[in-house]
Amino acid sequence: MGQFAGLFYTGDAQALRGVYDAPYHVMGRHALCARAIASDGGAMALVVGRLRNAAALRADVRPLGEKYTASDSALLLGAYRLWGEDCAEKLEGEALLIVVDQDAERLILSTDRMGAAGSLFYAPARGGVAFAGHPEPLLRVPGVSRRVAREGLRMLFGLGPARTPGLTPLRDVFQLPPGTMLIADRRGHRTRRWFRLEARAHEDDGGKTIDTVRGLLEQAVDGAAACQPVSMLSGGLDSTVLTALLARRGEVRSFSVDYEGNADYFKGGRYQPEQDAPYVERAAQAFHCRHTRVVLSIDALADTLDEAVLARGWPGMADIDSSLLLFSRAIAGHGQYALSGECSDEVFGGYPWFNREELIFADGFPWSGSLALRESVLREDVRDELRLAAYVDGVYHEALARQGVLPGEDARSARLRLLQGLCFEFFMSNLQERATCMGEAAGLSVLTPYCDDRLVQYVYNVPWTLKRMMGVEKGLLRAAMRDLLPEELLMRRKSPYPKTYHPAYAQAIKRRMAEVLEDSSAPLMALVDRETLSGLIRSNLSPAETPWFGQLMAGPQMLAYLLQINFWMSRYRIEISE
């Protein structure tokens, strides 16, 4: 979905020519590079993704003329002619919306309600706005710098791989958060939040809540099933539920991922208690899947770290990214779309920070791990300059103030609501970007039914006592799917996306970091402390230790993330500025 770019209200409409292998449309001083663009001579429109209410929109815009019904992009153009900038609220589904109005000298960019369609980046440039589905094209636009200021460094080392909504590490490049619109015209540009989850009282009893969740999830899977997706089957509750719902429509082609030697080195822990393989086999048998087990090599996992940076446009989740990129490549030869269980933990409350008291009431982002460890890798002068603890604390409390509240909620329920809002903004958005970017780089569209906005809005207001039916995490989802899944799959303990425990991976990362330490020209060395990193290279770097980000990124992933920062700065010629 990142394969588009454009310029608005600028004298250099040729600046993005050749960025993508796609038609290049110029209208006056405005340009749009993408496929499937609709135009009526006065404006251009582009839908990137899928509209779920296309039939209803077609009836609305048909009086304007049949040309406004020919495609999703044409429907957007018709909707814009009917409702102006309010058109975003009329379109439903996982879709980015772009309208370039030559007659009115206006640009409208909009993300979908939950951010499921991918990313939309923009940069003010020479009196106009450049935009794209990936940050790299924006760095080629005259007037857009490659500079990372203090704020960007703080984000990379204090929050990374998460980011503050709306911002990126680059000083001149911004990102539209979910449910947000950018409007640019002769007066400049502004953003408007047109969708946000509403905090409201939940009036359904337990039985009706279960039935509603079942119906909404079936509806979401029905919409995805139209794309004839394969299933990313991990053997966990989330992907197994989707596979079961998909199997009711016919044979399912499913895929699971594992790593060479993992069975020999796996060590269960609090965050990843057991291996997936036995549950994958049980699920594939239960739903008569035509299943393929993809086994990734350790060398490939390390060698693809740089490619994963290119896919995102910045440092990400290290081998948690590169493994998904490799997994997606293995799937892409068998289908264009894949169904993923991503986002279920955010929606139904599956993460440890929704279920462990010390994390629920932690005064900070509970997935960010040790801030002291993050600071320790920095040079002393950089550490003093960035003051990461104060920065992260400020971002956290600003984000808290943005969250919805429901008057009359008890303290624990109110805290969980705030925590869920934070998780949507900072954690889920990172995982959504991972899914869309790694999939797209492999030629695969990853579909995430759990972040259907109708389902999310409903479950967001379900009391946590119902979300934890049966006294277990995601009890509501389990209750809604009880008739579909065998008991051992229905009640399996939470286990995240698999990672490698093979010591060869940690050794490969250590070798690469040792090479960076010996390279005086490596951009990372202007920021990090050589002795601290040397000590980490000599340490155990256990992949089973308490993570420093999320549930998966432990010692080896931390070093790999720093390697990704170094590659990113070198590849894109990133400059550090005040």
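The largest pocket in this predicted model has a volume of about 770 Å³. Of the 39 residues that line this pocket, the closest to its centre are Pro165, Pro177, Pro178, Phe424 and Glu425. Below you will find the pocket lining, then three helix pairs, and last some notes on the backbone.

**Pocket lining**

- Two elements, α17 (388-402) and α18 (411-441), are the ones that give two or more residues to the lining of the largest pocket.
- Helix α18 gives the most to that lining, with 10 residues.
- Sorted by class, the lining of the largest pocket holds 16 nonpolar, 14 polar and nine charged residues.

**Helices α6 and α7**

- Helix α6 spans residues 206-225 and helix α7 spans residues 237-247; their axes come within 10 Å and cross at roughly 70°.
- Since angles of 65 to 115 degrees count as roughly perpendicular, that crossing makes α6 roughly perpendicular to α7.
- The crossing of α6 and α7 is right-handed.
- On the α6 side, the contact is made by Arg214, Leu217, Glu218, Val221 and Ala225, while α7 brings Val241, Leu242, Leu245 and Leu246.
- By class, the residues of this contact of α6 with α7 divide into seven nonpolar and two charged, with no polar ones.

**Helices α11 and α12**

- Helix α11 (residues 305-312) packs with helix α12 (residues 319-332) at an angle of about 85°, and their axes are 8 Å apart.
- α11 and α12 are therefore roughly perpendicular to each other.
- If you would like to look at the contact itself, Leu305, Glu307, Ala308 and Arg312 in α11 meet Asp319, Asp321, Ser322, Leu325 and Arg329 in α12.
- That contact of α11 with α12 has five charged residues, along with three nonpolar and one polar.

**Helices α11 and α25**

- Helix α11 also pairs with helix α25 (residues 555-571): the axes of α11 and α25 come within 9 Å and cross at roughly 60°.
- This angle falls outside the 65 to 115 degrees that count as roughly perpendicular, and α11 and α25 are therefore oblique to each other.
- The α11 and α25 crossing is right-handed.
- Leu305, Asp306, Ala308, Val309 and Leu310 are the α11 residues here, and they meet Ala560, Gln564, Phe567, Trp568 and Arg571 in α25.
- Seven nonpolar, one polar and two charged residues make up the contact of α11 with α25.
- Leu305 and Ala308 are worth a look in both settings: these α11 residues are among those that meet α12, and they are also among those that meet α25.

**Backbone notes**

- The peptide bond that runs from Gly160 to Pro161 is cis, and its omega is near 5°.
- You can find Pro161 in the loop between α5 (150-159) and β11 (174-175).
- Glu105 is not a glycine, yet it has a positive phi of about 50°.
- As for its place in the fold, Glu105 lies in the loop between β6 (93-101) and β7 (106-110).

Definitions and conventions:
Residues numbered from 1 in each chain as written. Predicted model: local features only at pLDDT ≥ 70, side-chain atom pairs only at ≥ 80, totals over all residues. Heavy atoms only, no water. 1 Å grid on protein atoms, 1.4 Å probe; cavity = no way out; pocket = protein on both sides within 12 Å on 5 of 7 lines; lining within 4 Å. Points joined across faces, edges and corners; volume = space filled by probe spheres on them. Helix = DSSP H or I, 4+ residues; strand = E, 2+ residues; numbered from the N terminus. Nonpolar A, V, L, I, M, F, W, Y, C, P; charged D, E, K, R; others polar. Axes fitted to C-alpha atoms, helices over the stretch in contact; angles between N-to-C directions. Parallel < 35°, antiparallel > 145°, perpendicular 65-115°, else oblique. Left-handed = near helix turned anticlockwise from the far one by under 90°. Contact = heavy atoms within 4.5 Å.
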